[in-house]
Structures are given as structure tokens and as C-alpha cells.
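Subject: Handing over the structure

Hello,

Here is the structure to look at. Please open it before you read my notes.

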Amino acid sequence: MKDSVEAPTRVVILGGGFAGVYTAKHLTDQLGRRADVQVELLSEENYFVFQPLLPEVAAGGIAATHVVNPIRELVPRARFRCCSVVSIDFERKCVQVSQGAGLELVEVPYDHLVFCLGKVTHFASMPGVAEHALAMKDLADAFRLRNHVVRCLELADIETDPELKQALLTFVVAGGGFSGVETIGELAELVSRSLKYFSRIDPKEIRFKLIHAQERILPEMPEPLSLAARQILERRGVEMLLGARVRAASPSEV
Ligand SMILES: Cc1cc2nc3c(=O)[nH]c(=O)nc-3n(C[C@H](O)[C@H](O)[C@H](O)COP(=O)(O)OP(=O)(O)OC[C@H]3O[C@@H](n4cnc5c(N)ncnc54)[C@H](O)[C@@H]3O)c2cc1C
């Protein structure tokens, strides 16, 4: 660490998700009031999203405000910059960001850099999926999914063509990890809760399918728990397509 009369050591953390916010929190807690180290967190949004509860937001079980927290409030001792990281110059030790109403390009110098930018859902190897599937990663996705499912129920309620009605009432979730399992469980609950208001939809017409590449869902969990999750989903009417991978999608098929 530098002597306190010199410019402070600059720790720059990229990303305001679990990794970035908790790194900033632990670091600033440990540094206390020391002035020789300055921690700055850079992220696109000024709020932290508790992603594991997004499926509950989609299903309407909890309000959106229950899963977001202002980053400035979570890490009051860190500086925060609302911006988009564009590039990093490792030789000159600076991050180029775009910020402000005019998306101005600015350089943020660092001594230590922490990468916590999360991951990007990758659809490139699966033709049609980016165009025809919905994602489940942020708050906007949760609202989009909820609106889509409710709209499908509305359209199915007045649909007279049985084939089209079946398509409107068939929901496929790809991925049997935490996000896929929680999403399909919550959606199944949303639909079964809503059905009492849709007199022209028979519960037997609803189909939920979970596609998962491995033979067991929730592979991160101990086997008895992942088996229990599978049984609960099956009791709620979710069909399992295990050992299967999504290859491509069209407007009507996956
Ligand atoms: C629906 C759902 C349910 C889940 N359930 C569970 C669970 O039950 N248990 C579990 O352990 N895990 C669960 N997960 C996974 C867990 O949420 C992730 O592993 C975790 O959020 C990853 O944290 P992260 O900080 O690495 O990335 P992220 O949370 O993705 O954070 C990345 C941050 O970087 C910011 N960022 C990205 N690019 C830029 C850029 N260019 N410029 C500026 N900022 C940028 C983003 O805005 C974001 O704030 C779930 C995930 C989802 C989506």
C-alpha cells in the first residue's frame, strides 16, 4: 500500500452483481476509515439485483422492489460510478467507460482491477433461439416473461383452433440449473393460480416442459435434494426432457 501522503491506491471493481458488490463491501469493511486506499465500483445499473428471486417477481409472488437494492446504500464507503465498461488498457492501467447522458468516453485509472462483469447468455450456436426465446437474467426479463405468460393465457382463452390453443398453452424452459428450475416452478404456480379466472382453459391443456442436458436437474445440489426438486416439479405437472440439448428454435418449435 502507498504512504498516506501519496495519492491513494485505487482499487477499481467492475460489475455491480453479487461478486462486485460483495467484493466492495468486504474490502471497504476491512479498510475502515483508511484514506490510503480508494475503492471504486463501476456498473451499468445503480442497483443490485438479487437474481435468485427473479422467478418470484415473474410469477407475481413478490414485488420487484423486494429484489433490488441501491448499490450506493449497500456499499456506502466505496465510490460508485454508473457507466458502461467499454475496454481496458492493461499497459496504461485504465478502464475506458461510457457514461452520462451523452455517453461520453472517459478513462478511469486503477492500481488494482477486479473483474466481476458476470456472464452473457450465449445463443450463437443455437439458430433461432435469440429471436424466439425469452431470457431470465434481469428485472426486465422477469416482467417480459410474466407479461408473455399472461398474454398466452388471454389468447388461449378465446382461441377456437385446438392446435393453436395447445401451442399457446405449452411452455418450454431450457436449462435445469437454479435459474431454469426456479423459473419453471414459479411459472407453473402462476398459471395454476390464474386458471380459476380463465373458464375456457382446461388445466389438462397446460403443458410445462423442462429441457436439461444432464440426467439430473440441479446438478450443484446433493442428489436427494435434486431428486426431491424433480418430484415436486413433476407433481406440479412439469414434464422432464433430460439428457437433451436445445439445438435450434423456430416460432413454433424447439
Ligand atoms: C433466475 C436466476 C436464479 C438463480 N438462482 C440461484 C440460486 O438459487 N443459487 C445460486 O447460487 N445462484 C443462483 N443464480 C445464479 C447467480 O445469480 C449468479 O451466479 C450470480 O448472480 C453471478 O454474480 P456475478 O456478480 O458474477 O454476475 P452478475 O450478477 O451477472 O453481475 C454482473 C454485473 O456486471 C454489470 N455489467 C456487465 N457488463 C458490464 C459493462 N460492460 N459495464 C458495466 N457493468 C457491466 C451488470 O450490470 C451486473 O451488475 C441464479 C441466477 C438467475 C438468473
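Below are my notes on what was found, taken topic by topic. Keep in mind that this is a predicted model.

**The largest core**

Start with the nonpolar cores. The largest one has 37 residues. Which of its residues touch the most other members? They are Val191, Ile201, Ile206, Phe208, Leu210, Leu233 and Val238. Seven elements each supply at least two residues of this core: α2 (54-59), α5 (139-158), β9 (170-174), α7, β10, α8 and β11. The top contributor is α5, with seven residues. In soluble globular proteins, nonpolar side chains tend to be buried together.

Take Ile206 as one example. Leaving out residues up to four places away in sequence, Ile206 touches Leu153, Leu169, Val191, Leu195 and Ile201. Another core lies apart from the largest one. That other core has 14 residues, including Val11, Ala24, Val39 and Leu41.

**Helix α5**

Now the helix that gives the most to the largest core. The 20 residues of α5 should span 28 Å at 1.5 Å a residue. The C-alpha atoms at its ends are 30 Å apart, which agrees. At the start of α5, look for Asp138: one of its side-chain oxygens comes to within 3.2 Å of the backbone nitrogen of Ala140.

The buried residues of α5 are Leu139, Asp141, Ala142, Leu145, Val149, Cys152, Leu153, Ala156 and Asp157. Two of the names there are aspartates, Asp141 and Asp157. What do these buried residues pack against? Their partners are α2, β4 (68-70), α6 (162-168), β9 and α7.

**Helix α8**

Next, α8, which runs over residues 223-235. This helix has 13 residues. From first C-alpha to last, α8 reaches 18 Å, close to the expected 18 Å. Its buried residues are Ser226, Ala229 and Leu233. Why do they line one face of the helix? Seen down the axis of α8, they fall within an arc of 55 degrees, so they share one face. Glu223, Pro224 and Arg235 are exposed on the other side.

The buried residues of α8 pack against three elements: α7 (178-194), β10 (207-212) and β11 (238-242). One of those buried residues, Leu233, also appears among the best-connected members of the largest core, those touching the most others. Just after α8 comes Gly237, with a positive phi of about 95 degrees.

**Ser43 and Phe80**

These two strand residues belong together. Ser43 sits in strand β2 (residues 37-43). Is Ser43 buried or exposed? Its relative accessible area is 12%, so Ser43 is buried. A polar atom of the Ser43 side chain lies 2.9 Å from the backbone nitrogen of Gly16. Setting aside neighbours within four places in sequence, Ser43 is in contact with Gly15, Gly16, Ile71, Phe80, Arg81, Cys82 and Cys83.

Phe80 is in strand β5 (residues 79-89). At 11% relative accessibility, Phe80 counts as buried too. Beyond residues up to four places away in sequence, Phe80 touches Leu41, Ser43, Glu45, Asn46, Ile71 and Arg72. Ile71 therefore turns up in the contacts of Ser43 and in those of Phe80. For a sense of distance, compare Phe80 with Leu27. They are 53 residues apart in sequence and 14 Å apart in space, C-alpha to C-alpha.

**Cysteines**

How many disulfides are there? The count comes to zero. Cys83 is in no disulfide, and the nearest cysteine sulfur, that of Cys82, is 7.1 Å away. Cys83 is buried, with a relative accessible area of 5%. Cys152 is buried as well, at 9%.

**Two loop residues**

Last, check two backbone angles. Lys93 has a positive phi of about 50 degrees, although it is not a glycine. Lys93 lies in the loop between β5 and β6 (94-99). With a relative accessible area of 36%, Lys93 is partly exposed.

Leu103 is another residue other than glycine with a positive phi, near 50 degrees. Its place is the loop between β6 and β7 (104-109). Leu103 counts as exposed, at 58% relative accessibility.

Best wishes

Conventions. Residues are numbered from 1 along each chain as its sequence is written. This is a predicted model: local features need pLDDT of at least 70, side-chain atom pairs count only at pLDDT 80 or more; totals for chains, interfaces and linings use all residues. Side-chain values use heavy atoms; hydrogens and water are left out. Helices (H or I, at least four residues) and strands (E, at least two) are DSSP runs, numbered from the N terminus. The expected span of a helix is 1.5 Å times one less than its number of residues. Buried means under 20% relative accessible area, exposed over 50%, partly exposed in between (1.4 Å probe, protein chains only). The arc is that of the directions from the helix axis to the C-beta atoms. Contact means heavy atoms within 4.5 Å. A disulfide is a pair of cysteine sulfur atoms within 2.5 Å. A polar contact is a pair of N or O atoms within 3.5 Å; within protein, one must be able to donate a hydrogen and the other to accept it, and residues adjacent in sequence count only if both atoms are side-chain atoms. A nonpolar core is a set of buried Ala, Val, Leu, Ile, Met, Phe, Trp, Tyr and Cys residues joined through side-chain atoms within 4.5 Å.
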